[in-house]
Amino acid sequence: VELFLDPDDGRPRTVQIYEQLRHAIVEGRLAPRDRLAPTRTVAADLGVSRSTVTEAYGRLSAEGYIQGRAGGGSVVSPVPLAPTDARRAGAALAATPRVARIKRSPYDPEPGAHARFDLRPGVLDPSLFPAVEWRRCMLHALDRAPLHYGEPAGIPELRAGLANWLSRSRGVTASADEVVVTSGTGHAIDLIARVLLDPGAVVAVEEPGYPPVVELLRAQGLHVVGVPVDDQGIVVDAIPARARLVYVTPSHQYPLGVVMTRRRRLELLDWAGSAGAAIIEDDYDSEFRHTARPLEPLQRLDRDGRVIYVGTFSKTLSPALRLGLLVAPKNLIPAICVLRQMIDWCPPLATQVALATLIADGHLDRHLRRSRAVYRERHRLLWDALGELLPGGYRLLPAEAGLHITIVRPDLPADRSVWSLLESRGFMVGSLRRTYRFNEPVAGFLVGFGALPTPSVSAVSRAFAETLEHI
Ligand SMILES: Cc1ncc(COP(=O)(O)O)c(C=O)c1O
């Protein structure tokens with residue numbers, strides 16, 4: 001069988017090789033006793049290290065798919081998979097093509113020892129997490145949290161606390177009964193799309209954009225269309241007239257960093273009004289604003305209840321908490337709650353009580369003030385250093401908010417050589433190319449600075465810029 005590596009596949013290469021061979025065996029394309037190509041040959045063909053291939057073969061062997069051959073090399077196990085093995089291998093059932101084609105999100109929680117410089121976009125500094133306060137709030141919550149099912153929208157004290165906090169910190173106008181506590185952004189968007197749309201409906205998203213949302217909407221059987229972004233935000237004129245929902249990141253476009261202008265916000269709202277469409281405003285990291293003053297959220301400018309605001313604590317506290325929220329017009333809340341109750345009923349009650357206490361006691365505000373100052377400094381240092389040191393051919397995009405800076409280089413080679421070079425020098429950065437899902441991608445890097453200790457920003461920027469000179 002022909003093996004290939006997909007540079008856009010977020011999974012390790014060993015896993016890609018293992019999966020392709022396993023499928024070939026399970027599907028009978030490799031028959032019992034067939035010889036596998038020697039690891040050395042496969043490694044040379046794919047341009048990977050031999051240990052990458054050996055590891056994949058080792059796993060196949062441990063699971064009984066292949067075995068060593070007298071005289072060296074490996075063959076497919078001579079005995080066809082026993083029924084239980086076949087069952088475990090999942091030979092009879094398959095995900096629908098709609099779901100099977102979704103690539104796993106390239107997020108890797110364990111960067112590995114080779115990653116000396118974790119510059120992935122959106123990664124936080126764990127040392128900033130208010131661990132002492134959170135522990136105290138959790139202990140208090142464990143004593144207090146009721147031991148029964150809760151309200152699907154969240155406990156009243158948290159909904160009230162969030163409504164108040166959103167209006168103070170983001171200018172969102174919400175009452176407690178318009179807030180639903182979710183398990184993060186994807187969960188909120190999943191609920192909203194299911195409540196508002198039938199399969200086959202057209203949804204517009206930003207291109208480039210946040211890939212997991214595109215895939216999530218596609219997995220729901222929606223027809224997702226990419227709409228370009230210019231220096232003012234999504235190009236409203238390019239949104240298809242039949243779109244029923246538009247997903248945007250106006251305070252800090254992911255990944256380009258554009259802040260949607262007030263004019264464009266009004267234009268988008270006007271468009272939605274005349275098209276009868278809904279808007280999801282994903283405000284994922286606007287707490288970290290470095291230069292510009294915040295603009296009024298779409299949700300606040302909305303006069304006829306078309307905007308659903310979505311927020312997350314993945315950037316403000318930690319992605320490990322799996323806590324987010326949505327603010328929807330009141331008339332949608334019952335349907336959202338009915339659906340939510342059938343899926344996971346409600347968020348863990350103890351975590352909700354803890355977050356409500358963290359907000360009420362002022363710890364969240366204090367934590368954000370502290371983190372904002374740290375990230376702002378890292379942003380300034382990285383911005384200045386890259387501005388000075390980037391070799392010709394690279395362009396920095398304005399970055400007024402968030403935890404990453406985007407660098408464009410349209411003629412970046414599309415093969416793995418760039419990533420191998422960065423990996424060999426210990427850098428983990430995001431790929432701009434991967435954030436395109438519809439059109440010819442533009443290449444570049446998303447350089448996260450969240451986890452970069454302030455004293456090392458200059459030295460790391462220098463080493464990174466120096467590495468780019470070799471591309
Ligand atoms: C555009 C965007 N929205 C939302 C999130 C956070 O998602 P979640 O709340 O599911 O952790 C991210 C994380 O990187 C993001 O880039």
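This passage walks through a predicted model, beginning with the ligand and moving on to the two sheets and a few details of the backbone.

The ligand makes a good place to start. A shell of 13 residues surrounds the ligand, and the closest of them are T185, D282, T312, S314 and R322. By character, this shell is made up of four nonpolar, six polar and three charged residues. Several of the closest residues reach oxygen atoms of the ligand through their side chains. For T185, an N or O atom of the side chain is 2.7 Å from a ligand oxygen. In the case of T312, the separation between a polar side-chain atom and an oxygen atom of the ligand is 2.6 Å. R322 also takes part, with a polar side-chain atom 3.0 Å from an oxygen atom of the ligand. On its own, the ligand has 400 Å² of accessible area, and the protein covers 88% of this.

Next come the sheets. One of them is open and has eight strands, arranged in the order β4-β11-β10-β9-β8-β5-β6-β7 with mixed pairing. Its edges are formed by β4 (179–182) and β7 (233–234); each has a single partner strand, so one side of each is left without a neighbour in the sheet. Within this sheet, strand β8 (residues 243–248) and strand β9 (residues 278–282) run parallel and are joined by four bridges. Along this pair, Y247 is found opposite I280 in β9. Helices also pack on the sheet. Helix α7 (residues 156–170) touches β4, β10 (307–312) and β11 (324–327), and its direction makes about 100° with that of β4. Helix α10 (residues 262–275) touches β6 (223–230), β7, β8, β9 and β10, with its direction at about 160° to that of β8. Two residues already met at the ligand can be placed here as well: D282, among the closest to the ligand, falls within the residue range of β9, and T312, also among the closest, falls within that of β10.

A further open sheet contains five strands in the order β3-β14-β15-β13-β12, and here too the pairing is mixed. The edge positions belong to β3 (117–119) and β12 (395–396), and because each has a single partner strand, one side of each lacks a neighbour in the sheet. Strands β14 (residues 427–431) and β15 (residues 444–448) run antiparallel, with two bridges between them. In this pair, S431 faces F445 in β15. Two helices lie across strands of this sheet. Helix α14 (residues 363–389) crosses β12, β13 (404–408) and β15, and runs at about 15° to β13. Helix α16 (residues 457–468) lies across β3, β13, β14 and β15, running at about 70° to β14.

Finally, some details of the backbone deserve a look. The peptide bond between E207 and P208 is cis, with omega about 5°. P208 sits in the loop that connects β5 (202–207) and α9 (211–219). Another cis peptide bond leads from Y254 to P255, where omega is near 10°. The loop between β8 and α10 holds P255, and both of these elements appeared above in the eight-stranded sheet and the helix packed on it. R33 is not a glycine, yet its phi is positive, at about 75°. This residue, R33, is located in the loop between α1 (13–26) and α2 (39–46).

Key
Residues numbered from 1 in each chain as written. Predicted model: local features only at pLDDT ≥ 70, side-chain atom pairs only at ≥ 80, totals over all residues. Heavy atoms only, no water. Near = heavy atom within 4 Å. Polar contact = N/O pair within 3.5 Å; in protein donor to acceptor, adjacent residues only side chain to side chain. Areas by Shrake-Rupley, 256 points an atom, 1.4 Å probe, with all protein chains shown as cover. Nonpolar A, V, L, I, M, F, W, Y, C, P; charged D, E, K, R; others polar. Pairing = 2+ DSSP bridges. Contact = heavy atoms within 4.5 Å. Axes fitted to C-alpha atoms, helices over the stretch in contact; angles between N-to-C directions.
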